[in-house]
Amino acid sequence: MIEIKDLHKSYKMGSSSLHVLKGINFNIAEGELVAIMGSSGSGKSTLLNILGILDEADSGNYILDKTPIKNLNETIASRYRNKFLGFVFQSFNLINYKTALDNVAMPLYYQGIKRKERYEIAMRYLEKVGLGTHSHHLPSELSGGQKQRVAIARALASNPKVLLADEPTGALDTKTSYEVMELIQGINDEGKTILIVTHEPDIAAMCKRNVVLKDGLIIDDKMVEQVRASSYV
Amino acid sequence: MFNIERWQEIFEAISKNRLRTFLTGVSVASGIFILVILLGAGKGLQNGIEKQFERDAAGIIEVWSGTTTKEYKGLNPGRQIQYRDADYKQSVQKFDDKLDLRASTYNYWGAPFSYGKESGSYQYRGVTPEYGRVENLTIVQGRYVNDNDMANNEKVACIGMKIKTDLFKDKDALGKEIIINGINFKVVGVFTDPGGEREEARAYLPLTTVQRAFGNGDKISNLFFTMKKTNDYDEALAQSEKFTKDLKDLLKSRNMVAPDDDGGVGVYNSVKDAKQFYDLNLYIRLFFWWVGICTIIAGVVGVSNIMLIIVKERTKEIGIRKALGASPFSIISMILHESIFITTIAGFVGLLASLLLLEFVGPMVQSEYFQNPQVDFNVALTTLALLVFAGAMAGFFPAYRAAKIKPIVALRDE
């Protein structure tokens, strides 16, 4: 599903340059649940942003579902994001003035789906994450865990190939984190490819594969025995 | 192309951000409102100043008689010239096609006026009906001297506000008999004059009555003319100078005054001095254009500033939308549609409110220096279109920039 070869990324910091990714190589197969781990500054979020076509690598190859992702203009990049990818952010990134249902329906608007149909789809996904009764709540009326569920429903609504989650439990308490991970594991069980960036070992332990970054390089990449979140909930 | 889905999305954004929409609308509406009121007030001030300047009709040519200084055809110098009706009639006959107003008067200063126990000394003038327009006076009660009064030698008087106040105090003067120089005259009108109290201490009587009742025969004191209007000052001046020369020649010839004698026939051509009026009028118009343009610039800057703030405030939302698949075009289109919609609706509200205010409140705030505040509707509409365009442009550039930046940068915006 994802092929990465010799990926490099630097940021300009005034007159100097910060080399964040120094040649990343790895492949992710369809249906995997991968945790990308590493301490702060290791480059894990930068990698996720590049995989999400939110940012661009300086060099290297990135192939997403057999489609080379390189030198895309913003219009094509937005089309690929909509078609291939779903995002879950640490800070949820819901639009505050839109209800849960409106937020979930938004990627479908950019797919050109008619209003009635997109709200039906959005409702299905809200019910899937257990928030069918909260569809007309604004984000400000939801708890942290509920917001992240709405974000997951939104990420899934456009039926992407890959779900990318950047610290999805970073803003949640332990119990809520496990509930969100249980939901993610369930989605993965249905066959969705999921990448999670986390610095929490217990969250990583709930994934099937752990990739560890340090100073912009992969220092470990192993399959792990998956801990089921349901055992904590 | 009209896209109902896009408009639904836009209306949702507008309706769910009521405060932002309201504040933007209020800013735009108040901008247009202030601009139109300012333009209207400017016009009112201009009208008021023009009115003040035109104490008498613009471009009067006044003729009076004097004493000759040169002997001519056996007549000694030092002869007092006295105009008569025939001088006036022949002048009118000869130059009628060039004239706008024409009037003749017989003036008498210091005449005793009385009504009951009240009395005073004022000027009276025997006048022809068009003289009212020469003096630019305003009838506040009753009427002015008319052709019927002239034809029937009616003993009627149109008195100035000063005389009315002095003789009648708060009482109504219309229809009352006053005594002027020992003869009873019926008050048929009361006037005010932009020339002030001095010109309101007068009574206007029919010229024919003054000539007969006071034994003046066919004598007249002054002749007044204005020329047909032209917009070009230089042309107006040239025409009036030729007319005054021809008129002088005619009157000198009729009254046996030497052609090179400046003493017998006096003519004052106010068109010469009207240059000042033409210039002042030009400066006033330039000033209000300048004020108007500055106000429009202020409005454009204000609307632009609002749009800049709105787009800046929505940078993170733009990042989220882009992450979810919004193309740069859809982002720019959304912001432009919203801004044009809000500025147009709000602009029309502001425009309507200001026009209603000018229409209904304008007449209540008339004063000497402020008259008929009004604004050209086309100018107001053009201004509105300009502000809407400016708002759209001001929204376009930050929207374009926001649509172009990497979504990850927009998402980091707080």
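This is a short dialogue about a predicted model, with most of its attention on chain A.

Student: What does chain A have in the way of helices and strands?
Tutor: Chain A has seven helices and ten strands. Of its 233 residues, 48% count as buried.

Student: Why is strand S3 of chain A called largely enclosed?
Tutor: S3(A) covers residues 33-37, and five of the five are buried, so the rest of the structure largely encloses this strand. A residue is buried if 20 or more other C-beta atoms lie within 10 Å of its own.

Student: Which way do the residues of S3(A) point?
Tutor: Leu33(A), Ala35(A) and Met37(A) point one way. Val34(A) and Ile36(A) point the other way. In a regular strand the side chains alternate between the two faces of the sheet.

Student: How do you know that S3(A) pairs with strand S8 of chain A?
Tutor: Two strands pair if DSSP finds at least two bridges between them. Four bridges join S3(A) to S8(A), residues 193-197, so the cut-off is met. The two strands run parallel. Within this pairing, Leu33(A) has Ile194(A) as its bridge partner.

Student: What makes strand S9 of chain A a partner of S3(A) too?
Tutor: Again the bridges decide. S9(A), residues 209-214, is joined to S3(A) by four bridges, in parallel. At least two are needed, so this counts as a pair. Here Val34(A) stands opposite Arg209(A).

Student: How do you know that strands S1 and S2 of chain A pair?
Tutor: S1(A), residues 2-13, and S2(A) share ten bridges in the antiparallel sense. The cut-off is at least two, so they pair. One of the contacts across them is the bridge between Ile2(A) and Ile28(A).

Student: In what order do the strands of the open sheet in chain A lie?
Tutor: The order is S2-S1-S4-S5, with antiparallel pairing. S2(A), residues 16-28, and S5(A), residues 67-68, are the edge strands.

Student: What makes S2(A) and S5(A) edge strands?
Tutor: Each of them pairs on one side only.

Student: Why is helix H1 of chain A called mostly covered?
Tutor: H1(A) spans residues 44-51, and eight of its eight residues are buried. Each reaches the cut-off of 20 or more other C-beta atoms within 10 Å, so the helix earns the description. Among the buried residues are Lys44(A), Leu47(A), Leu48(A) and Leu51(A). Just after H1(A), Ile53(A) takes a positive phi of about 55°.

Student: Which residues touch the most other members of the largest nonpolar core?
Tutor: They are Ile36(A), Val104(A), Ala153(A) and Leu195(A), in a core of 113 residues. Helix H13 of chain B, residues 377-404, gives the most to this core, with ten residues. Another core, of 52 residues, lies apart from it and includes Ile61(B) and Phe243(B).

Student: What does Leu195(A) touch?
Tutor: Its contacts include Ile28(A), Val34(A), Ile36(A), Leu48(A) and Leu51(A), not counting residues up to four places away in sequence.

Student: How many residues of chain A are in contact with chain B?
Tutor: 20 residues of chain A are in contact with 20 residues of chain B. Helix H2 (74-84) and helix H3 (100-109) of chain A each supply at least two residues of that side of chain A. H2(A) gives the largest share, six residues. The residues on this side of chain A divide into eight nonpolar, six polar and six charged.

Key. Residues are numbered from 1 along each chain as its sequence is written. Chains are lettered from A and ligands numbered from 1 in the order in which they are written. This is a predicted model: local features need pLDDT of at least 70, side-chain atom pairs count only at pLDDT 80 or more; totals for chains, interfaces and linings use all residues. A residue is buried if 20 or more other C-beta atoms lie within 10 Å of its own, exposed if 12 or fewer, and partly exposed in between; C-beta atoms are placed from the backbone. Two residues are in contact if their C-beta atoms, placed from the backbone, lie within 7 Å. Ala, Val, Leu, Ile, Met, Phe, Trp, Tyr, Cys and Pro count as nonpolar, Asp, Glu, Lys and Arg as charged, and the others, Gly among them, as polar. A nonpolar core is a set of buried Ala, Val, Leu, Ile, Met, Phe, Trp, Tyr and Cys residues joined through C-beta atoms within 7 Å.
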